[in-house]
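Reader: Please take one part of this model and describe it closely, with its surroundings. Give the cut-off for each term where it comes up.

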Amino acid sequence: MSKTHYSAFKVLKEALTGHKGWEPTWRDAEPKADGYDVIIVGGGGHGLATAYYLAKNHGITNVAVLERGWIGSGNVGRNTTIIRSNYLLPGNEPFYELSLQLWENLEQDLNYNAMISQRGIMNLIHSDAQRDAFIRRGNSMLFADAGCEYLEAKEVKERYPFLDMNNARFPIKAALAQPRGGTVRHDAVAWGYARGASDLGVDIIQNCEVTGFNIENGKCLGVQTTKGDIKANRVGVCVAGSSSRVMEKAGIKLPIESHVLQAFVTEGLKPVLDNVITFGAGHFYCSQSDKGGLVFGGDLDSYNSYAQRGNLPVVEDVCSGGMAIMPMIGRARLLRMWGGVMDMSMDGSPFIDSTEVKELFFNGGWCYGGFKATPASGYCYAHLLATDVPHEVATAYRLDRFRRGAMIDEKGVGPQPNLH
Amino acid sequence: MIINHPLLGPRDSEEFVYLGSTDLIDRPTNWEKSAAAEDFYQYQYIRENIAGDIQELWYHEQGDQSWLIVTRNTLTHEIKNVEFAQDFSRAKGRGK
Ligand SMILES: Cc1cc2nc3c(=O)[nH]c(=O)nc-3n(C[C@H](O)[C@H](O)[C@H](O)COP(=O)(O)OP(=O)(O)OC[C@H]3O[C@@H](n4cnc5c(N)ncnc54)[C@H](O)[C@@H]3O)c2cc1C
């Protein structure tokens with residue numbers, strides 16, 4: 001078990017002694033014959049965070065995380081790493097604000113450098129109607145103590161002179177900023193939570209795909225996997241883009257469609273962008289990584305997909321969004337682009353809930369905003385798994401909300417998943 | 001992706017608007033019955049979300065404005081068949 005405490009002193013000591021004292025970050029485990037109290041299916045950010053908080057907050061340590069590939073191979077390692085809590089609706093805002101507070105404390109909590117950078121996020125405003133909508137959102141953020149700042153065009157231009165303020169079609173009129181927003185090193189989130197969970201006794205089992213559930217009389221008794229059957233008192237599914245495929249094995253159909261989202265990074269540049277900037281008239285968001293690459297993304301490809309790659313029209317669409325607000329991006333060359341499979345829900349909001357099968361729980365539907373939710377998702381899912389009661393900031397994320405007409409539709413576009 | 005339109009030949013998928021699975025054709029007709037609320041809930045919100053071949057509705061907005069049924073693999077994006085939605089729907093015994 002890795003108990004290495006990371007510190008400047010340790011780095012110095014290792015530098016002087018030939019780096020022979022480092023240990024693996026977490027313990028690679030094999031399934032226990034007599035099973036677990038809780039099995040988490042899916043070793044992404046949310047699954048690993050759930051295991052960590054189960055052990056840390058609730059003292060439940062006889063836990064396994066089962067991952068089909070290697071941990072962090074899913075969306076947690078594919079996203080554009082933006083964190084923020086600038087939501088409008090009461091079902092969402094307190095949840096994302098809890099998440100941001102957990103981010104603010106994460107590195108101390110885990111003793112792991114996740115390169116959390118609260119560089120701020122700035123949402124550009126392009127019309128008077130949008131100004132009204134954003135001011136309303138800003139008020140909702142203030143109610144949740146999330147903090148926000150309204151910037152007039154002049155201030156926006158002073159901060160970022162490279163912006164095309166007077167674009168003929170989409171002039172920049174103002175911006176709503178959240179100074180506490182920012183970016184995180186995504187892989188480090190998976191590794192940090194894995195290390196924290198593993199140190200508290202959680203088994204992280206890789207190359208172990210869940211292929212079915214053992215269900216008797218409506219109760220889940222464990223899972224079938226490529227490493228054999230594993231018993232569990234309780235199973236929590238947390239597989240992001242694979243939600244429908246996995247839950248179908250328990251006979252449960254979901255209000256979810258899978259879609260592909262692409263992301264892009266340019267060659268390394270000198271520091272030009274010390275913030276996250278989003279385009280308000282099209283879909284484009286951009287930040288600069290510590291290596292210097294401009295990391296950006298935009299819309300979904302819009303058709304259902306389980307392929308972790310997209311098509312060229314979206315590349316053109318995203319890049320033209322970038323050109324509309326920061327024409328200088330046209331001089332940078334694209335280094336890499338990739339895709340990830342999102343589980344898009346019918347209202348754009350997620351689920352953390354029990355299911356009609358006893359002892360089987362579900363966490364999913366994170367669409368393309370699930371990275372920022374990682375700490376709170378794990379925190380609230382662990383709370384539900386340990387206590388049978390939803391955490392107070394996650395009470396709206398129920399699977400039956402469409403039946404009850406209690407949608408959480410931030411964008412107000414209705415049950416058309418590719419538009420959320 | 002290239003969609004092989006039955007009349008217009010190979011067209012870029014960018015000319016189309018995507019709606020989703022052909023399940024959306026089967027809108028419940030029993031709106032006066034007590035089971036209607038549940039049927040409409042299933043129709044509107046619950047998805048098969050298949051990994052593999054699916055039949056789906058594409059609208060040729062920037063072309064002849066026809067609705068097409070495209071059989072496509074969601075794992076590979078390979079398009080296997082394209083036909084008019086009208087023919088498909090009539091074969092199911094629906095009006096149009
Ligand atoms: C291109 C892109 C950009 C994004 N940008 C942002 C952003 O800027 N900000 C933001 O907040 N969010 C963003 N997101 C969304 C975010 O990445 C996801 O919502 C979030 O990572 C999902 O949770 P996760 O980390 O647990 O998922 P994952 O890392 O995908 O974890 C799920 C795991 O389950 C495993 N699994 C699947 N099936 C099985 C099985 N049968 N048995 C065992 N294991 C299984 C998978 O292998 C995977 O490792 C983005 C996503 C993409 C693709």
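Author: Chain A meets chain B through 25 residues on its own side and 22 on the side of chain B, where contact means heavy atoms within 4.5 Å. The model is a predicted one, in which local features need pLDDT of at least 70 and side-chain atom pairs pLDDT 80 or more, while totals for chains, interfaces and linings use all residues; side-chain values use heavy atoms, without hydrogens and water. Residues are numbered from 1 along each chain as its sequence is written, with chains lettered from A and ligands numbered from 1 in the order in which they are written.

The two chains bury about 2,200 Å² between them, and carbon and sulfur atoms carry 52% of it; buried area is the accessible area (1.4 Å probe) lost by two parts on being put together, summed over both. On the chain B side, the residues that lose the most area to chain A are Tyr45(B), Arg47(B) and Asn49(B), which together make up 31% of what that side buries. Chain B itself has two helices and six strands, in the order β-β-β-α-β-β-β-α from the N terminus. These are DSSP runs, with at least four residues for a helix and at least two for a strand. Along the principal axes, the C-alpha atoms of chain B fill a box of roughly 45 × 30 × 20 Å.

Chain A is assigned domain 1 (8-81 + 186-254 + 347-419) and domain 2 (118-181 + 257-345), with bounds from an automatic or database assignment. Taken over C-alpha atoms, the centres of these domains of chain A are 28 Å apart. Between them, 21 residues of domain 1 are in contact with 24 residues of domain 2, and about 1,900 Å² is buried, 52% of it on carbon and sulfur atoms. Arg78(A), Tyr368(A) and Pro417(A) supply 36% of the area on the domain 1 side, more than any other three residues.

Both domains of chain A also give at least three residues each to the shell around the ligand. That shell has 37 residues, the closest being Glu67(A), Asn75(A), Val76(A), Thr80(A) and Lys372(A); a residue belongs if one of its heavy atoms lies within 4 Å. Helix H2 (45-58), strand E12 (256-268) and strand E16 (334-345) of chain A each supply at least two of the shell residues, and E12(A) has the largest share, three. By class, 17 are nonpolar, 15 polar and five charged.

Several polar contacts (N or O pairs within 3.5 Å) join the ligand to chain A. Ligand oxygen atoms lie 2.6 Å from a side-chain N or O atom of Glu67(A) and 2.7 Å from one of Thr80(A). At Gly369(A), a backbone N or O atom is 3.1 Å from a ligand oxygen. Overall, the protein covers 97% of the 1,000 Å² of accessible area that the ligand has on its own, by the Shrake-Rupley method with a 1.4 Å probe.

Methods: Polar contact = N/O pair within 3.5 Å; in protein donor to acceptor, adjacent residues only side chain to side chain. Nonpolar A, V, L, I, M, F, W, Y, C, P; charged D, E, K, R; others polar.
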